[in-house]
Amino acid sequence: MPYDALCRAVPDLPAALDDLAALHDDAAIWPLLRRLLEAPAPSGGANLPGGVGEVIGALASELGLGANWIPELGETGNAALSLGADGPPTLIAVAHMDRPSFRVRSPESGALFPICANRFPQGEYRTGAKALRFADGRLVVGAQGAIVSRRQNGRDTLAFETADGALAWQDTVVMAVEPVLGADGTVTATGLDNALGVLTALLAASALARVERALTARGVRLLVVFTDQEEGPPEAFFGHGAARLAHAVPAPRGVVVVDAHGGGEPDGPTLGAGAAHGFVSGWGRGSIVPPNAQALALDLAAGVNRARAGTVQFDTGYLSRSDDMALERWAKVMALIGPPMLHAHTGDETARLADVRSSAIWLAWFLAAGLALSPVIGARYALTR
């Protein structure tokens, strides 16, 4: 029912999705993802000159979103896209652009400490890395080498082994490996958390921009925010960039968090089976989606999957907390959406391009529904109360 109602209310949306080459072709989407993966994205500095924020802005322009681009939203350190009517945001979608990062404990020994969740496997693990610093007005690489993790008997150590350049105490170290695309559309890289979510949000926004007149006519505004500092130690507060939104814009009707979902868990999402859509994070230690937004997702998915088989699957397994942890204190979290991936926070993160395409398509439909572009949906699912 919601799918059919949206098709009547926004009849140009299916064509807008069909017309985006990146939503149908590996050859079109892969260069976009690769550019995001290759851009520096240190937590706390992702939106600085030379960082991934610049690349997101360039991609937004190439996708027809140049007029919608906000290089920095207030003083939050976040970038954004604005679509639709003027005024306060009706709905906000967030996708964090920063990546797992490490700070220097000792430049002499190379010892590091994480400013993210340490998810390296047990034993010794090595992966390529770069040390980033700010110099001459932009982010630059100060040293290249490898991160070496050793985890055994409850003791964790992290170190940077320098191959070129010199490590300095002020550096932020990030993983850096060459992204690899397999013949079946499988991507192995680091930075998929959360280049996957960023690209999903960009492509969904590009499709919705093609029907922006529908948003303006309904008097609604969509804000898509690319946040910094989502990463943080799980035993401490994190999602700092998202938390700053509460001081920059009025509270919206709801928030949609776009982040990669961990696959391979019991009852978790399957790679190659479409977008993952979750209702609760951290087994209740994070956000909890309200029942009306759950019902909307279930009913809308039935129609979308009927029209395009395998677009979305529901994540009923363990879902890591993300920016929702900070945002739910400010606004209702309506959905947790993203492509599934394996081996998060390592140099061997793995995902499927087909799932990124499906996630962008699903996100566009869900945002259109959440904005109540069909008044029938707004009333039936109590979205405008």
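Me: What order do the eight strands of the open sheet take?
Reply: This is a predicted model. In it, the order is E1-E2-E12-E3-E13-E17-E15-E16, with mixed pairing.

Me: Which are the edge strands?
Reply: Strand E1 (69–70) and strand E16 (312–315). Each of them pairs on one side only.

Me: How do E15 and E17 pair, parallel or antiparallel?
Reply: Antiparallel, over three bridges. E15 covers residues 275–278 and E17 covers 333–338. Gly 278 has Leu 336 in E17 as its bridge partner.

Me: Which helix packs on the sheet there, touching E15, E16 and E17?
Reply: Helix H8, residues 291–307. Its direction makes about 150 degrees with that of E16.

Me: And H5, which strands does that one lie across?
Reply: Helix H5 (residues 192–209) lies across E2 (79–84), E3 (91–96), E12 (221–227) and E13 (254–258). H5 runs at about 145 degrees to E3.

Me: Switching to helix pairs. How do the axes of H3 and H10 cross?
Reply: At roughly 90 degrees, and the axes come within 10 Å. H3 is residues 26–38 and H10 is residues 353–370. The two helices are therefore roughly perpendicular to each other.

Me: Which residues meet?
Reply: From H3, Asp 26, Ile 29, Trp 30 and Leu 33. From H10, Leu 353, Val 356 and Arg 357. By class, that contact has five nonpolar, two charged and no polar residues.

Me: What about H1 and H10, at what angle do they cross?
Reply: Roughly 80 degrees, with the axes within 11 Å. H1 is residues 2–9. This pair is therefore also roughly perpendicular.

Me: Which residues make that contact?
Reply: Tyr 3, Leu 6 and Cys 7 of H1, with Trp 365, Ala 368 and Ala 369 of H10. They divide into six nonpolar, no polar and no charged.

Me: Pockets now. What volume does the largest one have?
Reply: About 570 Å³. It is lined by 31 residues, and Arg 119, Tyr 318, Leu 319, Ser 320 and Arg 321 are the closest to its centre. E14 (261–262) and E17 each supply at least two lining residues.

Me: How does that lining of the largest pocket split by class?
Reply: 12 nonpolar, 10 polar and nine charged residues.

Me: And the second largest pocket, what lines it?
Reply: 18 residues, with Leu 37, Glu 38, Lys 130, Met 175 and Ala 176 nearest its centre. H3, E6 (123–135) and E9 (172–175) each give two or more residues to the lining. The volume of this second largest pocket is about 270 Å³. Its lining has 12 nonpolar, two polar and four charged residues.

Notes
Residues numbered from 1 in each chain as written. Predicted model: local features only at pLDDT ≥ 70, side-chain atom pairs only at ≥ 80, totals over all residues. Heavy atoms only, no water. Pairing = 2+ DSSP bridges. Helix = DSSP H or I, 4+ residues; strand = E, 2+ residues; numbered from the N terminus. Contact = heavy atoms within 4.5 Å. Axes fitted to C-alpha atoms, helices over the stretch in contact; angles between N-to-C directions. Parallel < 35°, antiparallel > 145°, perpendicular 65-115°, else oblique. Nonpolar A, V, L, I, M, F, W, Y, C, P; charged D, E, K, R; others polar. 1 Å grid on protein atoms, 1.4 Å probe; cavity = no way out; pocket = protein on both sides within 12 Å on 5 of 7 lines; lining within 4 Å. Points joined across faces, edges and corners; volume = space filled by probe spheres on them.
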